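Work through the two exercises below with the model open beside you, and try each task before reading its solution.

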Amino acid sequence: MTTLHRRSILIGGASVILAVPAIVRAQADWPKGPIKVIVPFPPGGSTDTTARIVGERMRAPLGQTVVIENVGGAGGSIGVGRLARAAPDGYTIGLISVASHTLNPMLYTKLPYDADKDIVGISRVAVLSNLLGVPQSLPANNVAELIALCKKEPGKYSFASSGPGTSLHLSGELFKAMAGVDIIHVPYKGAGPAYTDLISGTVQMMFANMPSMLPQVRGGKVRGLGVTSAERSKVAPDIPAIAETIPGYVATSWYGVGAPAGTPEPILARLEAAITEALKQPEIQKRWADDLGLDMPPPGRQGFDQFVAEDRKLWAPAVKASGVKLD
């Protein structure tokens, strides 16, 4: 080995040794600037509301501003794809959900991300059921009467959703299959126009996230017939679970926070701790339970991957029943 070659190796090795403490220091000093949270849906929905509440409460433990960036489209795939391609430095995290990690991998033939490889789940932040609502004008006061009405005139009644392949659409498809009724799916570009047609009776039923449907029910605009969780919701105990009429019917949703794969462990630990601290705050727990109809799951990374795997098994029958495949 030449003296020059030996010297190059020594210099290169010294460079690596010197770089390691610099990387460690950078992680120890994190964060030094604002943290961006990508929300893969438009502003105003329950996913956006949840992300903003959690993000605001993360500011204190992290000591930095948390900024929300809405990147909607393709059932959340566009925003989650951007999250997957972000630098794994902790300055870009994102909201992940039943859409991005459970349904989209089963529905889309192509995705701009691999849910299992490109994103690390940091913590779930909310679990929620959907709520089946019907117009006040519909002569059905419970799920059994609705099923009887639909069976009496097959193909006459329709259900709205905020788009094909969403948990709301698939909640309806699972209901259709398990109840043995012939009802028509009417997709809308968002919940707003769907509620307008539901209230007017243009469509006869709608499955929607609890935070958006419950105010319509409490305001008397819509009649709530059943929740899609296995048991009644704590926030609306007077509304039966659909499973009380259709045994085995369960279709629940969840929201979480994820980071690009490769994000250093010390940064993931800081983010996990900040989210855990945020979720422990009494005002968030009250907001979840009393205002939004959300359940609080155990926070943190432990068991996250296993939870997603089990959730896919839960939703697989609904995806199969829908026959939906998206590009």
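The exercises that follow concern a pocket and a cavity in a predicted model.

**Exercise 1.** Describe the largest pocket by its volume, the residues closest to its centre, the elements that line it and the character of its lining.

*Solution.* Begin with the volume, which for the largest pocket is about 870 Å³. Next, turn to the 37 residues that line this pocket, of which Phe-41, Pro-42, Ser-162, Thr-166 and Leu-168 are the closest to its centre. Then assign the lining to elements: those that give two or more residues are α2 (46–62), α4 (98–107), α6 (167–179), β7 (205–209), α8 (210–218) and β9 (252–260), and α4 gives the most, with 4 residues. Finally, sort the lining by residue class, which yields 17 nonpolar, 19 polar and 1 charged.

**Exercise 2.** Find how many cavities of 30 Å³ or more the structure holds, and work out which element gives the largest share of the lining of the largest cavity.

*Solution.* The count comes first: the structure holds 1 cavity of 30 Å³ or more, and the volume of the largest cavity is about 60 Å³. Its lining is made up of Val-37, Thr-50, Ala-51, Val-54, Gly-55, Met-58, Ile-93, Leu-95, Val-125 and Val-257. When these residues are assigned to elements, α2 and β3 (92–97) are the ones that give two or more, and α2 supplies the largest share, 5 residues. As a last step, classify the lining of this cavity, where 8 residues are nonpolar, 2 are polar and none is charged.

Conventions. Residues are numbered from 1 along each chain as its sequence is written. This is a predicted model: local features need pLDDT of at least 70, side-chain atom pairs count only at pLDDT 80 or more; totals for chains, interfaces and linings use all residues. Side-chain values use heavy atoms; hydrogens and water are left out. On a 1 Å grid over the protein atoms alone, a cavity is a set of points where a 1.4 Å probe fits but cannot get out, and a pocket is an open set with protein on both sides within 12 Å along at least five of seven lines; lining residues have an atom within 4 Å of a point. Grid points are joined across faces, edges and corners, and a volume is the space filled by probe spheres set on the points. Ala, Val, Leu, Ile, Met, Phe, Trp, Tyr, Cys and Pro count as nonpolar, Asp, Glu, Lys and Arg as charged, and the others, Gly among them, as polar.
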